[in-house]
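Student: Could we go through this protein–DNA model together? I would like to begin with the contacts to the DNA.

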There are 2 protein chains.
Amino acid sequence: MGRRSDHSRDEIRDMAVSAAAKIVEKVGYQSLTARKVASEIGYTVGTLYHVFHNFDDLIMHVNAQTIDEMAALIQRHIRKKRNPEVRIRTMAEYYVQYATDHPDRWRLVFEHEPPRSLATPARLKERRDVMFEMVADNLRELSPESVSHEVEHTATALWSGIHGICILALTGKLYLGGAFSMVKLIDTLIDSVINEFRRV
Amino acid sequence: MGRRSDHSRDEIRDMAVSAAAKIVEKVGYQSLTARKVASEIGYTVGTLYHVFHNFDDLIMHVNAQTIDEMAALIQRHIRKKRNPEVRIRTMAEYYVQYATDHPDRWRLVFEHEPPRSLATPARLKERRDVMFEMVADNLRELSPESVSHEVEHTATALWSGIHGICILALTGKLYLGGAFSMVKLIDTLIDSVINEFRRV
DNA sequence: CTCTTTTATTAAACAATGTTCAATTAATAA
DNA sequence: TTATTAATTGAACATTGTTTAATAAAAGAG
């Protein structure tokens with residue numbers, strides 16, 4: 001068969017990304033294949049390669065969608081909060097929430113290695129940076145006299161640390177197999193970093 | 001050809017693990033294949049399957065070796081230190097050192113997902129836990145009156161945080177693309193957690 | 001020393017993967 | 001109506017992990 005034009009290229013791209021996300025959630029990101037995505041949207045692999053540069057390209061689109069979803073969830077919840085410290089804690093709370101609810105999609109964001117031939121698109125990097133910037137903004141509000149570079153440094157350390165707890169827990173590589181609560185571990189980190197930040 | 005017996009099964013297993021580790025370091029863990037390992041040691045894939053249960057089984061052996069190497073490096077350096085706080089800082093220093101020097105082998109430890117059919121061997125888990133326990137031991141020495149569970153909780157939070165900084169930096173997913181020094185970020189985390197730990 | 005049994009090793013085959021491409025067919029333009 | 005353009009397919013490709021029947025050498029029995 002030849003041209004069908006049931007859907008535009010953009011529609012097919014969106015359908016493929018959504019189908020891929022659904023497959024990742026259902027059977028895990030290890031079992032995501034081009035043929036599964038294609039058959040899920042009623043097309044053939046060839047069509048996917050007409051719309052995406054690569055399979056990695058498709059994955060990066062899935063990851064962009066994941067980050068957007070996660071950021072939206074977080075922003076929806078911190079909008080109600082006025083206290084910068086509470087906002088940071090809320091960010092972490094829903095970061096963990098999202099990662100726990102969608103473990104495979106979340107892991108795909110951090111465990112997918114784009115081939116060196118294909119550079120990570122600037123949009124994806126920017127999206128990832130959004131979370132760091134939100135933490136920095138609230139730290140700045142917490143102590144307006146701090147120099148910007150120090151604030152960003154602290155925000156990077158704190159958010160990376162939270163991420164570390166999250167990924168070790170979700171991959172089952174945490175000490176004692178996750179006998180500790182992720183939320184409490186993260187609270188400890190936030191308490192420590194914020195107290196130290198206030199003191200300096 | 002049939003039986004050669006140039007090497008015992010144990011020898012072949014060790015050769016394969018070393019060859020695999022070398023390949024991972026040279027061309028990256030994404031490019032590690034069973035056939036490359038086999039040809040590197042002068043055998044065929046079939047022989048690998050005579051010695052390993054799986055390709056994942058081979059990888060877990062590689063990871064065990066990696067963790068042992070890393071733990072040995074760290075222990076060699078903290079033996080000279082007497083102060084528990086200095087020991088924790090030294091641990092982090094050489095953790096980063098090892099990860100930076102052998103990025104692909106280090107990442108393989110944390111990004112290899114064993115299939116749910118094949119359970120992670122207890123030995124591998126124990127090896128991973130060694131690092132957490134070393135941190136806990138030194139925290140305990142730092143404040144002997146603390147209850148054991150609190151100490152382990154703090155150690156888990158701190159070491160997971162350090163790991164988070166490390167993995168985001170090494171995978172190029174850190175805020176501002178690693179414009180911050182890994183060592184300084186980790187120092188910030190250690191300062192914060194240890195100060196807070198002392199206070200409680 | 002000879003015959004049998006065991007077992008290490010290979011080569012070939014398998015199914016599944018990402019990827020490419022010529023053929024086909026429908027929409028669009030002339 | 002015809003010619004051009006482009007979407008879609010199906011089949012092919014190389015490469016992956018994995019299995020297996022054939023083979024040859026070591027080990028054991030007599």
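Student: How far is the polar side-chain atom of Thr47(B) from a phosphate oxygen of DNA strand C?
Tutor: The separation is 2.8 Å. Please keep in mind that this is a predicted model.

Student: Which elements give two or more residues to the surface near strand C?
Tutor: From chain A they are helix H2 (34-40) and helix H3 (45-51), and from chain B they are helix H1 (9-27) and helix H3 (45-51). The most comes from H3(B), which gives three residues.

Student: What do Ala34(A) and Arg35(A) touch on that strand?
Tutor: For Ala34(A), a polar backbone atom is 3.1 Å from a phosphate oxygen of DNA strand C. For Arg35(A), a polar side-chain atom lies 2.8 Å from a base nitrogen of DNA strand C.

Student: How many residues surround strand C, and which are the closest?
Tutor: There are 26 residues around DNA strand C, and the closest are Arg3(A), Arg35(A), Tyr49(A), Arg3(B) and His50(B). By class, the surface near DNA strand C holds nine nonpolar, 10 polar and seven charged residues.

Student: What share of the strand C atoms within 4 Å of the protein is sugar or phosphate?
Tutor: Sugar or phosphate accounts for 72% of those atoms of DNA strand C, and bases account for the rest.

Student: Now the other strand. Which residues come nearest to strand D?
Tutor: Of the 25 residues around DNA strand D, the nearest are Arg3(A), His50(A), Arg3(B), Arg35(B) and Tyr49(B). This surface near DNA strand D divides into nine nonpolar, 10 polar and six charged residues.

Student: What is the sugar or phosphate share for strand D?
Tutor: For DNA strand D, 72% of the atoms within 4 Å of the protein belong to sugar or phosphate, with bases making up the rest.

Student: Which atoms of strand D do Thr44(A), His50(A) and Tyr49(B) approach?
Tutor: An N or O atom in the side chain of Thr44(A) is 3.0 Å from a sugar or linking oxygen of DNA strand D. His50(A) has a side-chain N or O atom 3.2 Å from a phosphate oxygen of DNA strand D. In the case of Tyr49(B), a side-chain N or O atom is 2.5 Å from a phosphate oxygen of DNA strand D.

Student: And which elements supply at least two residues there?
Tutor: They are helix H1 (9-27) and H3 of chain A, together with helix H2 (34-40) and H3 of chain B. H3(A) provides the largest share of the surface near DNA strand D, three residues.

Student: What rotation superposes chain B on chain A?
Tutor: It is a rotation of 180 degrees with 0.0 Å of shift along its axis, at an RMSD of 0.0 Å. That is the relation of a two-fold axis. Both copies use the same surface: 100% of the contact residues of chain B recur in chain A.

Student: Changing topic: how many disulfides are there over all chains?
Tutor: The count is zero disulfides over all chains. Cys166(A) is in no disulfide, and its nearest cysteine sulfur, in Cys166(B), is 17 Å away.

Student: Why is there no bond for Cys166(B)?
Tutor: Its closest cysteine sulfur, in Cys166(A), is 17 Å away, so the distance is too far for a bond.

Student: Are these cysteines buried or exposed?
Tutor: Cys166(A) is buried, with a relative accessible area of 0%. Cys166(B) also counts as buried, at 0% relative accessibility.

Student: Where is Lys36(B), and what does it touch?
Tutor: Lys36(B) lies in helix H2 of chain B. Leaving out residues up to four places away in sequence, Lys36(B) touches Ile23(B) and Ser31(B). At 37% relative accessibility, Lys36(B) counts as partly exposed.

Student: Is Thr90(B) buried or exposed?
Tutor: Thr90(B) counts as buried, at 5% relative accessibility. Thr90(B) is placed in helix H5 (residues 84-101) of chain B. Not counting residues up to four places away in sequence, Thr90(B) touches His77(B), Ile78(B) and Lys81(B).

Student: Last one: how many residues of helix H6 of chain B are buried, and what do they pack against?
Tutor: Seven of the nine residues of helix H6 (residues 103-111) of chain B are buried, among them Trp106(B), Leu108(B) and Phe110(B). The buried residues of H6(B) pack against helix H6 (103-111) and helix H8 (148-170) of chain A, together with H1, helix H4 (55-78), H5 and helix H8 (148-170) of chain B.

How values were computed
Residues are numbered from 1 along each chain as its sequence is written. Chains are lettered from A and ligands numbered from 1 in the order in which they are written. This is a predicted model: local features need pLDDT of at least 70, side-chain atom pairs count only at pLDDT 80 or more; totals for chains, interfaces and linings use all residues. Side-chain values use heavy atoms; hydrogens and water are left out. A disulfide is a pair of cysteine sulfur atoms within 2.5 Å. Buried means under 20% relative accessible area, exposed over 50%, partly exposed in between (1.4 Å probe, protein chains only). Copies are superposed by least squares on the C-alpha atoms of residues with pLDDT of at least 70 in both. Contact means heavy atoms within 4.5 Å. A residue is near a molecule or strand if one of its heavy atoms lies within 4 Å of it. A polar contact is a pair of N or O atoms within 3.5 Å; within protein, one must be able to donate a hydrogen and the other to accept it, and residues adjacent in sequence count only if both atoms are side-chain atoms. Helices (H or I, at least four residues) and strands (E, at least two) are DSSP runs, numbered from the N terminus. Ala, Val, Leu, Ile, Met, Phe, Trp, Tyr, Cys and Pro count as nonpolar, Asp, Glu, Lys and Arg as charged, and the others, Gly among them, as polar.
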